[in-house]
Amino acid sequence: MARKLTKNQQRRIQQQQKQHARRATSAKPQQLPDDSQLGAEQTGVVITHYGTQVDVEPQGQKGTTKRCFLRANIGSVVTGDEVIWRDAQDSNGVIVAAEPRKSALYRPDSRGNLRPVAANIDRIFIVVAAEPEPFANLIDRYLVAAENQGVEAVLVLNKSDLLNGDKGEAVRKLVSPYQQLGYRLIILSTKSGDSSLQELQAMLRDHTSVFVGQSGVGKSSLINALLPQANSAVGELSEARAKGTHTTTTARLYHLELGAGGDVGRLIDSPGIREFGLWHLEPEQIAQGFVEMRAFLGHCQFRDCKHQREPGCALLAAEQRGDISPDRLESYRRILVSLQS
Ligand code: GDP
Ligand code: ZN
């Protein structure tokens, strides 16, 4: 799937890459091994990145990584990028080229420039639960972010053991409209130890996925159940958040190996990734991110229609006909308002 970025994003990314290139060329030369020390070109995937260095896993050598420098002219390289690199005997290897990305997740840095944080993700699992209380608006934000990257979003309703009672009823009611919109829903529990994880595992197979969602819904528990070696700290994310450390943790790529079949998929995770949909969205992205609204966009009487109460508004008309739910339209407006503040 192609990466779908707004013009603004593309411009900012281009500016950033230029800045990067300038900084890279003006910085002190790294101890890059010279060509005579380097082995043949080979392919690999970036497992994690640290500024000017990355850990690369050679293709076909799962679990092993080699620290590599980046050639100055190749721009940013992030977790999930497919790269071409050359090994060196007594030194770091060198990344000589990066393959074009199929998708990328971006987040703004402290100066408001969008930076890629992970590449080639093709499935986003939005985790909700009866507790903590879920909010449709939050789900919508994640969906908008996913839709804008051309990445498939799947809803995961965790803590199925809590589905009896009022809170369970409420969360079921909350998620069912998304199924009607065409999103897949997986209901499971990390506590019950039953076979409910299997459907999720099937959805992870042959994909590169991320888990997002509110703190406390069970993302760490899920990741631990899928991937014991990741050792994701259950219940500790909120502590990291309070200390403000979550934004600095770099994303890491994990292989999901379940059963005898070998690799079932890839998971990219970091505390920052888990919140990715909550980062800045461009106004023009918002309406596009509401899948049921797309057909009506551009059909309003006024070109700059805000879909509030303007005459001839195609979205309001669709709402009247029942083609768009009042809740989703309101959620759309709330996201727009949140952008302005
Ligand atoms: P995260 O903040 O999204 O990573 O959530 P955690 O994985 O830290 O889980 C938050 C709390 O929910 C912990 O106390 C978990 O033990 C609990 N939890 C996780 N999965 C389930 C589940 O399926 N059922 C129930 N009842 N609790 C769960
Ligand atoms: Zn309108």
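**Close-up views of a predicted model**

**View 1. Checking the length of helix α9.** In this predicted model, helix α9 covers residues 326-340, which is 15 residues. Count 1.5 Å a residue and you'd expect a span of 21 Å, because the expected span is 1.5 Å times one less than the number of residues. The C-alpha atoms at the two ends of α9 sit 22 Å apart, so the helix agrees with that estimate.

**View 2. What α9 packs against.** Which residues of α9 are buried? Here they are: Arg328, Leu329, Ser331, Tyr332, Arg333, Ile335, Leu336 and Leu339. These buried residues pack against four other helices: α2 (136-148), α3 (166-180), α7 (283-289) and α8 (314-321).

**View 3. The zinc ion and its donors.** Zoom in on the zinc ion (ligand 2) and you'll find Cys300, Cys305 and Cys313 each offering an SG atom, while His307 offers ND1. These donors lie 2.1 to 2.4 Å from the zinc ion. Why is the arrangement called tetrahedral? The 4 donor atoms subtend angles of 102 to 114°, and four donors count as tetrahedral if all angles lie between 85 and 135 degrees. Along the sequence, the donor residues follow the spacing C-x4-C-x1-H-x5-C. Two of the donors, Cys300 and Cys305, are buried.

**View 4. Stepping back to the whole chain.** The protein chain has 341 residues, and 49% of them count as buried. Look for 9 helices and 13 strands. Among contacts with a separation of 6 or more, 65% come from residues 24 or more positions apart. The accessible surface comes to about 17100 Å², with 48% of that belonging to carbon and sulfur atoms.

Key:
Residues numbered from 1 in each chain as written. Chains lettered and ligands numbered in written order. Predicted model: local features only at pLDDT ≥ 70, side-chain atom pairs only at ≥ 80, totals over all residues. Heavy atoms only, no water. Donors = N, O, S within 2.8 Å, 3.2 Å for Na, K, Ca; no water. Tetrahedral: all angles 85-135°; square planar, octahedral: opposite > 155°, others 65-115°. Buried < 20%, exposed > 50% of the residue type's maximum accessible area, 1.4 Å probe, protein only. Contact = heavy atoms within 4.5 Å. Areas by Shrake-Rupley, 256 points an atom, 1.4 Å probe, with all protein chains shown as cover.
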